[in-house]
There are 2 protein chains.
Amino acid sequence: MSATAEQQIEGLFSMPLDEAMRTQRAIRRLKDDPVDDAIVLQLIELALRAPTGSNAQNWEFLVVRDRAVKERLGALNRQAWNLYGGIGRWLNRNEPKMLRLMDAVQWQADHFAEVPVVIVACLRGPRLPFPPVMSSSYYGSIYPSVQNLLLAARSAGLGAALITLPLWSTFLARRALGLPWSVTPCAVVPIGWPRGRYGPTTRRPVGEVVHLDRYGNRPFRDANGR
Amino acid sequence: MSATAEQQIEGLFSMPLDEAMRTQRAIRRLKDDPVDDAIVLQLIELALRAPTGSNAQNWEFLVVRDRAVKERLGALNRQAWNLYGGIGRWLNRNEPKMLRLMDAVQWQADHFAEVPVVIVACLRGPRLPFPPVMSSSYYGSIYPSVQNLLLAARSAGLGAALITLPLWSTFLARRALGLPWSVTPCAVVPIGWPRGRYGPTTRRPVGEVVHLDRYGNRPFRDANGR
């Protein structure tokens, strides 16, 4: 790649931090237009700047472009979605916002194999199920990097979303990706140029989720009780 | 707060995304100088922009400033560190870099109650231990927000680090924080103005951690096999 092309790619990731965070959102409807390796590698290079427990850097990233592998992951995604989405639609039958979200998940399920790049973030090493903090430490070594990946995609104008449904069976997901037993697939991020647009998201007000010193003590709630 | 003060605080979080990521590192040696509520609330407000599974936003953030509560968390941290750190020092006795990291962790353990603000990120709702993907989805709803918090702290020039040792017993951590059983403490981030400096980190080369289509296929490794 020429020095100029490299600079152009570099510039893709220099959005102001707060703007990237405020306009990040899951984008599931993606074009089939190709996404260059150089951009994908930069996304992952930035993902690798995130912390890991004891700085172990025990991560591996699968970049899936091969249609046959995407179809296998897509089939796993569809199996989980057929069950989970059915329940979800029924539970949220009176919530138009959730139903719109589910339409986007459905679109993604129907077009999984056409997504240009699917990234699977994995961890090497065993996950001890007990005490709970061991699980937290374990996933605390991969999700910070996944969030870097999502923010970097946002900055570059790429659509991306964090999903785990294709991993409902780690046995089958390992088989689809040729992963050894020592490597656990944790999260999946389909990436492509967006059909939709990025924009602000709505969130619970900060004063409602912040507790000072003890749970339940919420001095930053506003006069409306939020 | 005046409009000007608000603008000054806003500007703290607008570092270019890639610069914030490339210079993020765990900073454990912190000054006792106070950190304003306005900044802490902005850190958490940006943390809340991260995704959660099914957009549940089932997070709660404990902001601990009370010395007595910090001492209880500090005691829990010390208990875990006395065990874990002893083993770690022995395992890494020939690795100066890891020993330096452990010196910083030791400093943090010795000064835990003097840290100006300790943030504990929590999740509401049950964590199903099986299948493994349920655990991944669960923690995938809190660590993206923790990473936003760490990046925002970096942008503002605050020192911060992601730790889980004070949570080795969720029973005792819940008691220290007055958390109900339905809320699980997941990660702890002590925050303050740094004694040390931010700077670039070293990481495994991207070509070594990226596998194309199947595990083990690493076409982006350079000529040195990295």
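Here are some notes on how the two chains of this predicted model fit together.

1. **How the copies relate.** Start with the symmetry. A turn of 180° and a shift of 0.0 Å along the axis lay chain B on chain A, with an RMSD of 0.0 Å. The two copies are thus related as by a two-fold rotation axis. They also use the same surface: 97% of the contact residues of chain B recur in chain A.

2. **The interface.** On the chain B side, 76 residues are in contact with 74 residues of chain A. Helix H7(B) gives the largest share of that side of chain B, with eight residues. By type, the side of chain B that touches chain A divides into 45 nonpolar, 19 polar and 12 charged residues.

3. **A sheet shared by both chains.** Next, have a look at the strands. There is an open sheet of five strands with mixed pairing, in the order S5(A)-S1(B)-S2(B)-S4(B)-S3(B). S5 of chain A and S3 (159-160) of chain B stand at the edges, and each has a single partner strand, so one side of each is left without a neighbour in the sheet.

4. **Where the chains join in that sheet.** Which strand of chain B do three bridges join to strand S5 of chain A? That is S1 (residues 59-64), and S5 (residues 210-212) of chain A runs parallel to this strand. Two of the pairs are easy to find by residue. A:His211 stands opposite B:Leu62 in S1(B), and A:Leu212 has B:Val63 as its bridge partner in S1(B).

5. **Two helices inside chain B.** H7(B) also packs against a helix of its own chain. Helix H3 (residues 37-47) of chain B and helix H7 (residues 143-156) of chain B meet at an angle of about 135°, and their axes are 7 Å apart. That angle makes H3(B) oblique to H7(B), because only angles over 145 degrees count as roughly antiparallel. The crossing of H3(B) past H7(B) is right-handed.

6. **What lines that helix contact.** From H3(B), the contact is made by B:Ile39, B:Leu43, B:Ile44, B:Leu46 and B:Ala47. H7(B) brings B:Ser145, B:Val146, B:Asn148, B:Leu149, B:Ala152, B:Ala153 and B:Ala156. How do the residues of this contact divide, and how many are charged? The split is 10 nonpolar, two polar and no charged.

7. **What to look at first.** If you open the structure, try H7(B), which supplies the largest share of the chain B side touching chain A and also packs with H3(B). Then follow the sheet from S5(A) across to S3(B).

Methods
Residues are numbered from 1 along each chain as its sequence is written. Chains are lettered from A and ligands numbered from 1 in the order in which they are written. This is a predicted model: local features need pLDDT of at least 70, side-chain atom pairs count only at pLDDT 80 or more; totals for chains, interfaces and linings use all residues. Axes are lines fitted to C-alpha atoms, for helices over the stretch in contact, and angles run from 0 to 180 degrees between N-to-C directions. Helices (H or I, at least four residues) and strands (E, at least two) are DSSP runs, numbered from the N terminus. Angles under 35 degrees count as roughly parallel, over 145 as roughly antiparallel, 65 to 115 as roughly perpendicular and the rest as oblique. A crossing is left-handed if the near helix is turned anticlockwise from the far one by less than a right angle, and right-handed if clockwise. Two residues are in contact if their C-beta atoms, placed from the backbone, lie within 7 Å. Ala, Val, Leu, Ile, Met, Phe, Trp, Tyr, Cys and Pro count as nonpolar, Asp, Glu, Lys and Arg as charged, and the others, Gly among them, as polar. Two strands pair if DSSP finds at least two bridges between them. Copies are superposed by least squares on the C-alpha atoms of residues with pLDDT of at least 70 in both.
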